[in-house]
Amino acid sequence: MHVSHATLFIYWVSLFVGYTKGQSSSITFCNRLYHSVTVANDKLYVDGGEVRTVADGNVSVSLPEYVSTLDLSKPFSNSDPSIWQSIPKNVTSPNNNPPTLNDGSMFATKSGLFLFGGALSAAPGAPAVPPPNALWQYDFSNDNWTSITPSGDPVQRIHWGTSVQAVNSSNGYFLGGAITPKSDPAFNALSGAEPYQVQGLITLNEDTVHYTNSSTTGLNLDGTTLGGFLTLIESLGSAGVLISFGGISNNPGKPMELDDADLEDPTMHRSLGNVSVYDIGGDKWFQQTASGDIPQWRYVGCSVAVSAPDGSSHSIYVFGGWGNSAGVSDGNVYVLSIPSFRWIRVNEDSNLRSRHQCALASKSTMLVVGGIHSRGDSLQPLDATGCDTTQMFAQGLGIFSLNNHQWSTKYDPAQASQPYQVHPNISKVIGGNQQGSATLQAPAGGFSQRALATLLKARGTTNHEHLRTAVIAGIAVATGVVTIVALLLTLYLIRRRNRLQAPPRPQISSPMPLYRKASELTASSFGSANSPLSLQRGPVELSDGKGAAYEISSAEKPLPPYPHDSTTISIQEMEGELGWHPAMRSAMEDEKRCK
């Protein structure tokens, strides 16, 4: 059941603004970490993780037994606590409630939410043993939670992978991650169990509640990733493409610690200059080198993806993350433009932040939810120095316009619903304009594979003017074809009539043998150059040895010299070698009879 506005107002005021309850100190909001977010039906949903509050300068941690919701169809200020509602999770007995876990994922359709993966918190009061593996579903219409065991490939509870929800299909994707004693109950029962990274791309079909675990051996050298960036561009390929970069990669199954201090080994860092691309329809991974203003290595940041109106480019917005120290981290906003694989810095306000999540609100606004303001070389200050005290991220909520590349403290649904337009910061690098028309369509060093170039070609434009032009051009071509066919048919009928009316030819007592040198068979032997019977060569087809064929025109590839100039051969032999068209053979027979 949803909590009422009045109750929620009191709750959020007590949590974020502070009030006295028989005490002299007030409780104020600090930050929220390890959570997951998703958007459905014009609402933002925030689940799991830890909520930190401050009282008398001391930071306390609580585990929220609810899913926070925020209505994106209404304007709001990020400092207003009354904008939040929640869906309770403690609706039955403790053993039958959805658990509150860290670093899980949340997927959503129009009909409900799905809570996937995660691990137990280390905060005081957290359970010692993880709950049974299950996928939890919340039904919007029935307002209830259900524990589900999906069909398909068996999946252990994984945490700290990267995930993304499709909009045009009921598929959620979860890439990589790790298994720890705090995530999987069977693993927890093993003596001396240590965390390790796992391979695999898990697809959850939310209509059929079915798991598919696909191979990630082509993702990178180890086929693993943790705490990196993952986005989905649904308009590319037959079923969309996933773009992955950054984060941690270690040998699958190798024991490792997951504390931040244990992840400083540069051999485990996935560069943001090396981008992995997954063709969902073709079930194939590609690797591509990026160029431009490449951000330094980082993890625990966030990203969203939008496309130019004409589909000629796609912008992956990346914000924040941690690079082992404040000196090599930054709070700038970057764009990775696809298909040129150019990194572009589009905002330099340097709001240093990590362990946050991003969500695309409507069409052109990026919401940044939760996170911590790192200090010095500490990713996660335990004291109040890591709390959100600036207006820009009041209540741990940031608002960034993808159209004007500015941060704001106020959300406007009318502005968010404006179609995305390519900002001049981007078009000055990749060419084109606000509507698209990007001229840079390939990486600086070329595509790593020809198949990748084909995969990233836009399926078509959504611009109606372009569509109208294409239709007109198609009609013109069709009209031209019909005219040519009618002309050829007329010529054929005239020729046939002349043959029928011609007087019988005298018999030749000694027919001329059908032998002639190849070099003597000039174009005049078959009619004029403009005749439909003239000698023509079509496109030549070449193979790249991998099953793909490519055509080049006769203008690009000159015809080889006739091979039999010094040898007298029969026309029948030439037909076998050069494959004369039947019309050409008919012309040659006519010429023979005339002589």
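Hi everyone. I'll open with the cysteines: counted along the chain, the bonded ones pair up in the pattern 1-4, 2-3. Please keep in mind that what we have here is a predicted model.

How many disulfides does the count come to? The answer is 2 disulfides. Let me take them in turn.

One of them joins Cys30 to Cys387, with an S to S distance of 2.0 Å. Along the sequence, this pair links distant parts of the chain, 357 residues apart. Cys30 is in strand β1, residues 28–33, while Cys387 is in the loop between β30 and β31. As for handedness, the torsion about the S-S bond of Cys30 and Cys387 is about -90°, so this disulfide is left-handed. And are these two cysteines buried or exposed? Both Cys30 and Cys387 are buried.

The other bond is between Cys302 and Cys358, whose sulfur atoms sit 1.7 Å apart. Here we go from strand to strand: Cys302 lies in β25 and Cys358 in β29, so the bond ties together parts 56 residues apart in sequence. Cys302 has 4% relative accessibility, and it counts as buried because the cut-off for that is under 20%. Cys358, at 11%, is buried too.

Now let's turn to the salt bridges. The structure holds 7 of them, and I'd like to walk you through a few.

Let me start in the loop that also carries Cys387. Which residue forms a salt bridge with Asp388? That partner is Arg353, and the closest N and O atoms are 2.7 Å apart. Asp388 lies in the loop between β30 (365–369) and β31 (397–401), and Arg353 in the loop between β28 and β29 (357–361), so the pair ties together parts that are 35 residues apart in sequence. Both Asp388 and Arg353 are buried.

Next come Arg298 and Asp330, which form a salt bridge with their closest N and O atoms 3.1 Å apart. This one runs from loop to loop: Arg298 is in the loop between β24 and β25, and Asp330 is in the loop between β26 (314–319) and β27 (333–338), 32 residues apart. Arg298 is buried, with a relative accessible area of 1%. Asp330 has a value of 14%, and it counts as buried as well.

The loop between β24 (291–292) and β25 (302–307) turns up again in my next example, where it holds Asp293. The side chain of Asp293 meets that of Arg345 in a salt bridge, 3.0 Å from N to O. Arg345 belongs to strand β28, residues 342–347, and the two residues are 52 apart along the chain. So where do these side chains stand for accessibility? Arg345 counts as partly exposed at 31% relative accessibility, and Asp293 is partly exposed, also with a relative accessible area of 31%.

Last stop: the surface. Which residues form a negative surface patch? They are Glu194, Glu257, Asp259, Asp262, Glu264 and Asp377. Let me pick out Glu194 for a moment. You'll find Glu194 in the loop between α2 (185–188) and β17 (196–197). With 37% relative accessibility, Glu194 counts as partly exposed.

To bring it together, then: there are 2 disulfides, one of which, Cys30 to Cys387, is left-handed. There are 7 salt bridges, including the buried pair Asp388 and Arg353. And there is a negative patch on the surface that includes Glu194. Thanks for listening, everyone!

Definitions and conventions. Residues are numbered from 1 along each chain as its sequence is written. This is a predicted model: local features need pLDDT of at least 70, side-chain atom pairs count only at pLDDT 80 or more; totals for chains, interfaces and linings use all residues. Side-chain values use heavy atoms; hydrogens and water are left out. Patches are made of residues with over 30% relative accessible area and no salt bridge: like charges are joined within 9 Å, nonpolar side chains (Val, Leu, Ile, Met, Phe, Trp, Tyr) within 5 Å. Accessible areas come from the Shrake-Rupley method with a 1.4 Å probe; for residues, only the protein chains shown count as cover. A salt bridge is a side-chain nitrogen of Lys or Arg within 4 Å of a carboxyl oxygen of Asp or Glu. Lys and Arg count as positive and Asp and Glu as negative; His and the chain ends are not counted. The place of a charge is taken as NZ of Lys, CZ of Arg, CG of Asp or CD of Glu. Helices (H or I, at least four residues) and strands (E, at least two) are DSSP runs, numbered from the N terminus. Buried means under 20% relative accessible area, exposed over 50%, partly exposed in between (1.4 Å probe, protein chains only). A disulfide is a pair of cysteine sulfur atoms within 2.5 Å.
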